[in-house]
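Biologist: Could you take me through this structure, one topic at a time?

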Amino acid sequence: MADPMKIRAQMKGDAAEIRVLMSHPMETGQRKDGAGKIIPAHFIQSLIVAVNGKTVVDGQIGTSVSRNPVFGFKVKGAKAGDKVVVSWVDNTGDKRSDETAIS
Amino acid sequence: MNLRNIPLSGVAMITLLAAAPSHAQDYRAKAITMMKHDFHAKGIAGMERLNEDGLQAVCNRSNNKPPKGIAEQMEKDEAATVKLPADGKLMGDWKAGEKIAQAGNGMTWSDKPGVAGGGCYNCHQIGPQETSFGTIGPSLYKFGKTRGYGPDNQKYAYTKIYDSKITNLCSSMPRFGHSGALNEQQIKDLVALLMDPSSPVNQ
Amino acid sequence: MDMLRRTILKGASAGGVLTVALAAGMLKPGQVLAAEWNKSAFDAKDLDGALKAIGAGVAAESKDIVVKAPDIAENGAVVPIDVASNIPNTSELSILVVKNPFPLSTTFHFSNGAVPEAAVRLKLAQTSVVKVIAKADGKFYTAQKEVKVTVGGCGG
Amino acid sequence: MKQPIMLSALAALSLATMAPQAAAEEKPAAGKPQMKQMHARPTAKAAVDPTTADFEKFRAVMEDTNPAELFELKGKELWKQKRGPRNASLEQCDLGLGPGVVKGAYVKMPRYFADVDQVMDAERRIVHCMVTLQGFKAEDLAKKPFSSDAGTPDPVSLTTYVAAQSRGMKLAIPQKNAKEREAFQVGREIFNYRAGPYDFSCATCHGEDGKRIRTQVLPNLSTKEGAIATSQGWPGYRLTGGFMHTIQWRMNDCFRQQRFPEPGYVSDTITALLTYMGANASGQVYNGPGIKR
């Protein structure tokens, strides 16, 4: 099972600032291990951010995103207390979903 | 092989140890004992590397400021170990030299035996195109152009890379030839990087 | 496979809400959650191929796209990149690292109040231009910035 | 083979009169505000290069969302979970402030622990607790102690968690106990000990102000300002590779690059070095866990 994400959502002015930290190797499939064997690709492909059940960001992700990815977004029209849910799915089918409330 | 673990003569070592006040001597002795207990050989890095050779012993005991008399004597001793190329040629290929200057690998426990770079850019500014250079050592940009391209300077560059301690006993720079990290051809290529009038260093 | 993953994602995200959304017919192609992972775009090995695969073969230079990235990165493993579009009705931002083996790094689709703005951290295999594509009202716009990747020392 | 280094008896005699390196027994500065150091700063900053400047520009952004937080989270879980052969949590682990007290413990280690009659640094103490409370084997924990593609070892996440509970507090490495004072002095000797094929000591790179290797500023760890710079960053999320590392790793990899053999994980040598550097940094605020290039 994938490790939990860390989500921070705060109102800054008229927009909610959402920052997400994810625990993921984001392996490109291009690297070799110590024995010279290719390390298989293992990376997040999809990222969804939803506020109060409505998708605000639908992201597609490739292998260029760094290990343990960090994403930041801004959403207008949100308010303190609104529920933020972030979900990802990787190329092996592994997935994770976490939530927080906007502060 | 190379000149590691050269013991000081018994008398000299005893005198050196007696030189320090007992507490400082105790701490140093404890430090050395502790390291020998805590470390283990890994890859090409054997435990013998924890032993000081004579030069290291003198630098360690003098805070890298050895008394003049000793420094001069030992610098002379170091100079006697330099092997100049048998063919008399000190200059190789500056392009190969640039690659050696860039490469920082070699001699660590994760390196294979025999493969070493010079790691020169870690500490020195050299070619003008490389902006990622260290400042532990002096800039070598325009080395030949400012010092002259003559055979004396070629020899100076060769011997300095071979054994930096000849001109400054407790220099921070490794003794690349002395330790066997760089071979004759590599040192020649580095000399060319610094001394060849067509090297980017001298443009 | 991709369809299956998508289904899993729908189940995993936002609990029952998305199921409701699905039932309400919100999840049509071109809308939220619509796009399959664009394999041909992410697998493209050069800029042109990637641009074509995201439909941005022709994109106009725009000063209304902001690309914030370091001028120099000591190593390319984690380069912070912030992008934003001030072009009205921007619905999508893609970030491409031109010299990477697979240039397309991310595509974000914004809706329901999301500002067309994203902060990401990318791997740069070498010194490269980072190119941003914004999609607004069906048209494509672009801006770029070069990030120099240098050789590091011991690495902190 | 000719032995080039033969000190004559005369030379050795003259060496006997010179001041040995540690003759003036250096004491770590007490925890006072370092006004002097702050004034001295500009001269030491002469060599800030464009890469560093650029990195610093983004430092706030990077620190704001530091993946180290993920490991802090994981460490917290590990601390509270019942684990190991004895199925116990670490909640009774004494980090120096009494069993179970985590807050403020990190900035007071290395310190003397009476139960083992020795000085221990934070990670060493955590490993000690994993062994004594949970029944893990020290040899097993020492097998692969550093983060790699294979994963992040538990002591790394735990140390990150413990360190984060001291964020914003002043470093106060105790120097009251005789063994703590000795660790400082021995650490100082290790720091200055040149050996190996390249004649390197820690001080070769970290003993002067304003130097850098390639583009990276080398903190002078014998000064307060430099020592805090290093304590500050660890445990740190290292951008190269994207791994969480503790200062145990930093010491290990420095010795590798010093061309030494490998120091033992959570050994006396590392504790002594950390005591020397930690005490040098005492009095300043710890803002880690950090983010490193």
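The conversation below goes through contacts between chains, strand pairing and a few single residues.

Biologist: What should I know before reading any values?

Modeller: This is a predicted model, in which local features need pLDDT of at least 70 and side-chain atom pairs count only at pLDDT 80 or more, while totals for chains, interfaces and linings use all residues. Residues are numbered from 1 along each chain as its sequence is written, chains are lettered from A and ligands numbered from 1 in the order in which they are written, and side-chain values use heavy atoms, with hydrogens and water left out.

Biologist: How many residues do chain A and chain C bring to their contact?

Modeller: Chain A contributes 41 residues and chain C contributes 43 residues, where contact means heavy atoms within 4.5 Å.

Biologist: And what area is buried there?

Modeller: About 3500 Å² is buried between chain A and chain C, and carbon and sulfur atoms give 56% of that. Buried area is the accessible area (1.4 Å probe) that two parts lose on being put together, summed over both. On the chain A side, A:Asp58, A:Gln60 and A:Ser64 lose the most area to chain C, together 21% of what that side buries.

Biologist: Which polar interactions join the two chains?

Modeller: There are 20 residue pairs in polar contact between chain A and chain C, both residues being at pLDDT 80 or more. A polar contact is a pair of N or O atoms within 3.5 Å; within protein, one must be able to donate a hydrogen and the other to accept it, and residues adjacent in sequence count only if both atoms are side-chain atoms.

Biologist: Which strand of chain A gives the most to that side?

Modeller: Strand 4 of chain A does, with 8 residues. Strands here are DSSP runs (E, at least two residues), and helices are DSSP runs too (H or I, at least four), both numbered from the N terminus.

Biologist: How many salt bridges are there between chain A and chain C?

Modeller: The count is 1 salt bridge, that is, a side-chain nitrogen of Lys or Arg within 4 Å of a carboxyl oxygen of Asp or Glu. Its partners are A:Lys74 and C:Glu117, at 3.1 Å from N to O.

Biologist: How does strand 4 of chain A pair with strand 6 of chain C?

Modeller: The two strands run antiparallel and are joined by 5 bridges; strands pair if DSSP finds at least two bridges between them. In strand 6 of chain C, C:Thr106 is the bridge partner of A:Ile61.

Biologist: Is strand 5 of chain A buried or exposed?

Modeller: Strand 5 of chain A is largely enclosed by the rest of the structure, because 5 of its 7 residues are buried. Buried means under 20% relative accessible area, exposed over 50%, and partly exposed in between (1.4 Å probe, protein chains only). Strand 5 of chain A also runs antiparallel to strand 2 (residues 15-21) of chain A, with 7 bridges between them, and A:Lys76 is the bridge partner of A:Ala15.

Biologist: Switching topic, where is B:Lys165 found?

Modeller: B:Lys165 lies in the loop between helix 7 (151-162) and helix 8 (184-195) of chain B. B:Lys165 is buried, at 0% relative accessible area. Its side chain reaches the backbone oxygen of B:Ser171 at 3.2 Å. Beyond its neighbours within four places in sequence, B:Lys165 has contacts that include B:Glu75, B:Glu78, D:Arg194 and D:Asp199.

Biologist: And D:Ala150, buried or exposed?

Modeller: D:Ala150 counts as exposed because its relative accessibility is 71%. D:Ala150 sits in the loop between helix 6 (138-143) and helix 7 (154-164) of chain D.
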